[in-house]
Amino acid sequence: MNTQGRLWRWLALVFVLSFGALGYLGWQIHLAAPPIPTQVVASDGRVLFSGEQIQQGQRAWLASGGQQLGSVWGHGSYVAPDWSADWLHREAEALRGIRSRQYQGGAPLDEADRGAVLAALRQEMRRNTHDEMDGRVTVSVERAEAIRAVAAHYEALFGNAGELAALREQYAMHDDALPSAEDRRALAAFFFWSAWAATTDRPGETDLSYTSNWPHEPLVGNTLTGSAAIWSMVSIVLLLAGIAAMLWLHGSARHEPEALPPNEDPLKGVVATPSMKATRKYFFVVIALMLLQIAMGVITAHYAVEGQAFFGLPLAELLPYVVSRTVHTQVGIFWIATAWLATGLYIAPLLSGREPKWQKLGVDLLFWALVFVVLGSTVTGWLGTLQRRGMDFSFWLGNQGLEFTSMGRVWQLLLFAGLLFWVLLLGRALWPALKKPSETRGLIAMVFLSASCIGGFYASSLTWGQHTHYSMIEYWRWWLVHLWVEGFFEVFATAVVALIFTRLGLVRASSANRAIVAETIVFLFGGILGTLHHLYFTGTPTSVIAVGAVFSALEVVPLTLIGLEAIQTWRRSHSRPWLAAYRWPILCFVAVGFWNTVGAGLLGFAINPPASLYYVQGLNMTPAHGHAALFGVYGMLGIGLMLFCLRGLYERHADRLLAPAFWGMNLGLAMMVFLSLLPAGIYQAWASVSRGLWYARSPEIVHSGVMEALVWLRVPGDLLFAAGAVLLAVYALKLLPGRPAKPVLGRGAAQGG
């Protein structure tokens, strides 16, 4: 068996075993998820909440903005509180006050007395009183009083109570986020349940809550568990060992002679087919969506200072924080994915040398279908939020309230159908190249297989419903966000880049074939089960912490060499004068290597170990990693692919604009991350470690002088970044007066129907 065949078999084995393990752990998460009680009752028999109210409250929170308006169990936005941590702290403080007044008849308490009250408080709040027979949770009369007081606060906050108007502004909330009093009562039930699961010990356990003691809350004894600390140390050791092993293997391996690029551009005689030309409009939409995302990002960031205004303008009346952040996160996925989809449609006839019948019509239909989904989901989400259309509208057409997967279910179904159609278009164009033996057939097969996974695995967005347990919603959501966006799209793009470099003569086809399969094995080996590092504290069993810590460390290992590969690619790109025409696409791929190492690797691993994430989940350390990885890696990759395709679709290029565009976006991103987001995350981490997560997310910290100064420090980087994006748009607009390539295939390729 040759080396290539063995690698493909290893890839299949890793794929099957990893997804088998992920599926098994998903079943364990389902079994171990915090129970939803049938009723929450006081010891005197009075009913506080019903199970139906808790489930209705989950739907109500998601309909009001959900993860775009604060967070639950650490996942969501960062201006409003984490509601589970906020409720937990408020309830503990209220109950401590009640118990303190009862202690010794209300006499002043000395330090020993306060310690006794606190010890009793912890014991009461950690005790699991869930009855598995009738499903009830029973609390003391005093705790019921504390719960009612906290519930009243949230019912007023999500209504229009005037005394909380200033707090709503600090949280970037609008009045009547939930107009219905019944929904607000249900919302309080859901927040109580999320906090109850965070502090109540699992059955048969001591000092281990359903969320593995997250969030950090000293009042109730929520502190880092020993297992989380141990697995964090294991992950660090594995990371160092993995990097050492990879460097050793890389250094000891026999390196083939570098490819010598031809004297002339091998793509010089290849011009666009009708379907390739039809992809031009995709790239102009990519740039338009990128500019829209940047605009929404500027507005969203400013709401951290003025919660309901933009430099004094009452913008939140038309564009509240919930909408601006939803558009910012969702459109980012849209434009990056559109760039990659269009690249696939562009290169497929280029690789096969054949234009399938009706291919242009299919490319055009897909384009308008994608435009319909993007515009339709954005408009219905905006209208649904402004007009408070309710839970059913939000789930089916509006904003589901889930970060990066917010569009309504109808739009998800339409997008799924569009992705399957894209796979069909790609497959029929690649089929001649897949059938014909060649040095690049393995790379082409990887492109098609990863594209099939992109189409098929989007089905994970359809796995949850309106009544799905919140732990399982998070499990399936991260299938989509991590495996779909960070997994198969990256494999697809890496294979496409390898094919581009092979066609340009920068890489030997035989080396690229082996390298792409080997890199995919290494990436998926850590990446599939590395998904679990997002789920440490979402009501999952402790086995998730162990597996997630180990494999998320291994996920980072291959990123350490990507920077070296980028440098080698840049050096090879100077070997022939004609390669100067591809300078900026190649530099974008070099930037991808840098941001993979820094954004995905360094900043990603800074928050991945359980001991780190325990304190920083839901703080600005996460968007520091997210911006550097999402735009730095996937965004720059999409821009590089777009520039390569535009190079073949148009003859005249204003390359002088690409230098300031490239450096503006990359330097602006670096300033945004390292001058603002990362320092803000570190400052919040100090607050979380010292007093608890509730404090790190409280207005006292979020609207402190330090944090607001760090928000303003984003301005120079944001302006530089936006200027770079505008220059990229100007470059694209200057293509329009130029002469596009003629619609014929070059180099002896057959013209299809």
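Asp 207 sits in the loop that runs between helices α7 and α8. This is a predicted model, and that loop is a handy place to start looking around. The phi angle of Asp 207 is near 60 degrees, a positive value in a residue that isn't glycine. Most residues other than glycine have a negative phi, and most peptide bonds are trans. With a relative accessible area of 45%, Asp 207 falls between the 20% and 50% cut-offs, so it counts as partly exposed.

Stay in this loop for a moment. Ser 209 lies there too, between α7 (181-199) and α8 (226-252). Is Ser 209 buried or exposed? Its relative accessibility is 0%, so Ser 209 counts as buried. Leaving out neighbours within four places in sequence, Ser 209 is in contact with Arg 126, Ala 197, Ala 198, Thr 199, Thr 200, Asp 201, Arg 202 and Trp 214. Ser 209 also has Pro 34 at 9.3 Å, C-alpha to C-alpha, although 175 residues separate the two in sequence.

Trp 214, one of the contacts of Ser 209, brings a backbone oddity of its own: the peptide bond from Trp 214 to Pro 215 is cis, with omega near 5 degrees. Pro 215 belongs to the loop between α7 and α8 as well.

Elsewhere, Trp 73 is another non-glycine residue with a positive phi, again near 60 degrees. Trp 73 is placed in the loop between β3 (71-72) and β4 (75-76), and its relative accessible area of 0% makes it buried. Then there's Ser 460, in the loop between α15 (441-457) and α16. Beyond its neighbours up to four places away in sequence, Ser 460 touches Trp 476, Trp 479 and Leu 480.

Here are the four loop residues with their accessibility:

| Residue | Loop | Relative accessible area | Class |
|---|---|---|---|
| Asp 207 | α7 to α8 | 45% | partly exposed |
| Ser 209 | α7 to α8 | 0% | buried |
| Trp 73 | β3 to β4 | 0% | buried |
| Ser 460 | α15 to α16 | 4% | buried |

Now for the inside of the protein. The largest nonpolar core has 244 residues, and those with the most contacts inside it are Trp 83, Trp 87, Phe 158, Ile 639 and Leu 728. Which helix gives the most to this core? That's α16 (residues 470-504), with 24 residues. Apart from this core lies another one, of 6 residues, including Leu 239, Met 246, Val 556 and Val 557.

Trp 83 is worth a closer look. Not counting residues up to four places away in sequence, Trp 83 touches Trp 61, Leu 69, Gly 70, Ser 71, Val 72, Tyr 154, Leu 157, Phe 158, Tyr 171, Met 173 and Phe 191.

Stepping back to the whole protein chain, its secondary structure comes to 27 helices and 5 strands. The radius of gyration is 27 Å, close to the 27 Å that the globule rule gives for 753 residues, so the chain is as compact as a globular protein of that length. Along its principal axes, the C-alpha trace spans about 95 × 55 × 45 Å.

Buried residues make up 61% of the 753 in the chain. Of the contacts with a separation of 6 or more, 79% come from residues 24 or more positions apart. On the outside, the chain exposes about 28,000 Å², with carbon and sulfur atoms supplying 65% of it. As for charge, there are 53 positive and 48 negative side chains, and the centres of the two sets lie 16 Å apart.

How values were computed: Residues numbered from 1 in each chain as written. Predicted model: local features only at pLDDT ≥ 70, side-chain atom pairs only at ≥ 80, totals over all residues. Heavy atoms only, no water. Core = buried A, V, L, I, M, F, W, Y, C linked by side-chain atoms within 4.5 Å. Buried < 20%, exposed > 50% of the residue type's maximum accessible area, 1.4 Å probe, protein only. Helix = DSSP H or I, 4+ residues; strand = E, 2+ residues; numbered from the N terminus. Contact = heavy atoms within 4.5 Å. Rg over C-alpha atoms; globule rule 2.2 N^0.38 Å. Areas by Shrake-Rupley, 256 points an atom, 1.4 Å probe, with all protein chains shown as cover. Lys, Arg positive; Asp, Glu negative; His and termini not counted. Charge placed at Lys NZ, Arg CZ, Asp CG, Glu CD.
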